Amino acid sequence: MTQPDSPATVVIYSGGMDSYTVLHRALREGRRVHALSFDYGQRHARELEVARRVCQRLGMPHQVVDITAIHGLIDASALTDASRTLPEADYEETSLQDTVVPNRNMILLSLAIAKAVNIGADRVDYGAHGGDHVLYPDCRPEFVAAMQAVAGLAHFTPIAVHAPYLHHDKTAILADGLAMGLDYAETWTCYRGEALACGRCGSCRERLAAFAANGVRDPLSYSQRPDSHADSQHSSSGATDQQPDPAVSSAQGSATGDH
Ligand SMILES: [Zn+2]
């Protein structure tokens, strides 16, 4: 149980798998977590809805910061410009350079550090991970180290920048979350904002590959799974109302985690 005088952390929480795991990792440390999400003009608000729902369930303070005012500075990305076609290639392929929002992590970390100072938190957590190093320059260890240095100087009381999965890939992050008993039905990964995850975009493919590598069926419903038939479409709200596959429940064992 988190105590009122526990150290506080600001977690940059997108609603996706990585930050969902980071958020629960911080809770496991006994930290008081303030979740911070950013509306920077994503093509859809699906992730933000999912993030809101999770924080409500956890009774956790959650702030969605509207930074759409800077949209004109970052709209060259397919993630933020609806007129551009989303690549469907594998995550690693260079066409996914189109999904890089310029300098995103410096922008988000900078605001999260300000929030931390504002509420007396001593740490900012975010989900940079090894699988992103090639594609996203601001997920590289050198970038994180530089941000840690600057966060130590940004205020008279140093703020730590904590990236617990910096040297892990998505498969390892998922393994850690499954070991914590987390329910990944309450995360959203797909780059598209449709009722069901598409199963085709680079983000869906990477997610499904991580589940496959863990030998677990992704509890999220997909309009098309690369290796099987489409999931039922009768549920329109998608992310959290799906019953996990029995195989998933057993694979997750008896751990109940934060639920
Ligand atoms: Zn997708």
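Select Cys204 and display its surroundings: leaving out residues up to four places away in sequence, Cys204 touches Thr189, Cys190, Ala197, Cys198 and Gly199, where two residues are in contact if their C-beta atoms, placed from the backbone, lie within 7 Å. What you are looking at is a predicted model, in which local features need pLDDT of at least 70 and side-chain atom pairs count only at pLDDT 80 or more, while totals for chains, interfaces and linings use all residues. Residues are numbered from 1 along each chain as its sequence is written.

Cys204 sits in helix α7; helices (H or I, at least four residues) and strands (E, at least two) are DSSP runs, numbered from the N terminus. Is Cys204 buried or exposed? Cys204 counts as buried because it has 25 C-beta neighbours inside 10 Å, the rule being that a residue is buried if 20 or more other C-beta atoms lie within 10 Å of its own, exposed if 12 or fewer, and partly exposed in between, with C-beta atoms placed from the backbone.

Next, select Cys190, which is placed in the loop between α6 (170–179) and α7 (202–213). Cys190 also counts as buried, with 25 C-beta neighbours inside 10 Å. Setting aside its neighbours within four places in sequence, Cys190 is in contact with Ala197, Cys198, Cys201, Ser203 and Cys204. Now colour Cys190, Cys198, Cys201 and Cys204 together, since these are the residues covered by the UniProt annotation "binding site", which comes from an unreviewed entry; UniProt positions are given in the numbering used here, feature names are shortened, and annotations may be inferred rather than shown by experiment.

From Cys204, draw a distance to Tyr222: the two are 18 residues apart in sequence and 9.0 Å apart in space, C-alpha to C-alpha. A second distance worth drawing joins Leu220 and Leu196, which are 24 residues apart in sequence and 8.2 Å apart in space, again C-alpha to C-alpha. Leu220 itself is found in the loop between α7 and α8 (246–251), and Leu220 counts as buried, with 27 C-beta neighbours inside 10 Å.

Show α6 and α7 as a pair. Their axes are 9 Å apart and the helices pack at an angle of about 60°, axes being lines fitted to C-alpha atoms, for helices over the stretch in contact, and angles running from 0 to 180 degrees between N-to-C directions. α6 and α7 are therefore oblique to each other, given that angles under 35 degrees count as roughly parallel, over 145 as roughly antiparallel, 65 to 115 as roughly perpendicular and the rest as oblique. The crossing in which α6 passes α7 is right-handed; a crossing is left-handed if the near helix is turned anticlockwise from the far one by less than a right angle, and right-handed if clockwise. To see the contact, select Lys170, Thr171 and Leu174 in α6, which meet Glu206, Ala210, Phe211 and Ala213 in α7. By class, this contact of α6 with α7 has four nonpolar, one polar and two charged residues, where Ala, Val, Leu, Ile, Met, Phe, Trp, Tyr, Cys and Pro count as nonpolar, Asp, Glu, Lys and Arg as charged, and the others, Gly among them, as polar.

Keep α6 in view and add helix α1 (residues 17–28), whose axis comes within 10 Å of that of α6 and crosses it at roughly 45°. That makes α1 oblique to α6, and α1 passes α6 in a left-handed crossing. Which residues meet here, in α1 and in α6? Met17, Asp18, Thr21 and His24 in α1 meet Ile173, Leu174, Asp176 and Gly177 in α6. The residues of this contact of α1 with α6 divide into three nonpolar, three polar and two charged.

Stay on α1 and select Tyr20, which is found in that helix. Tyr20 counts as buried, with 27 C-beta neighbours inside 10 Å, and, leaving aside neighbours within four places in sequence, Tyr20 is in contact with Val54, Leu182 and Thr187. Then move to Val22, also in helix α1, which is buried, with 28 other C-beta atoms within 10 Å. Not counting residues up to four places away in sequence, Val22 touches Val11, Asp125, Tyr126, Gly127, Pro164 and Tyr165. Among the residues that UniProt lists for "binding site" in the unreviewed entry are Tyr13, Met17, Tyr20 and Val22.

Finally, zoom out to the whole chain. The protein has eight helices and five strands, and of its 259 residues 40% count as buried.
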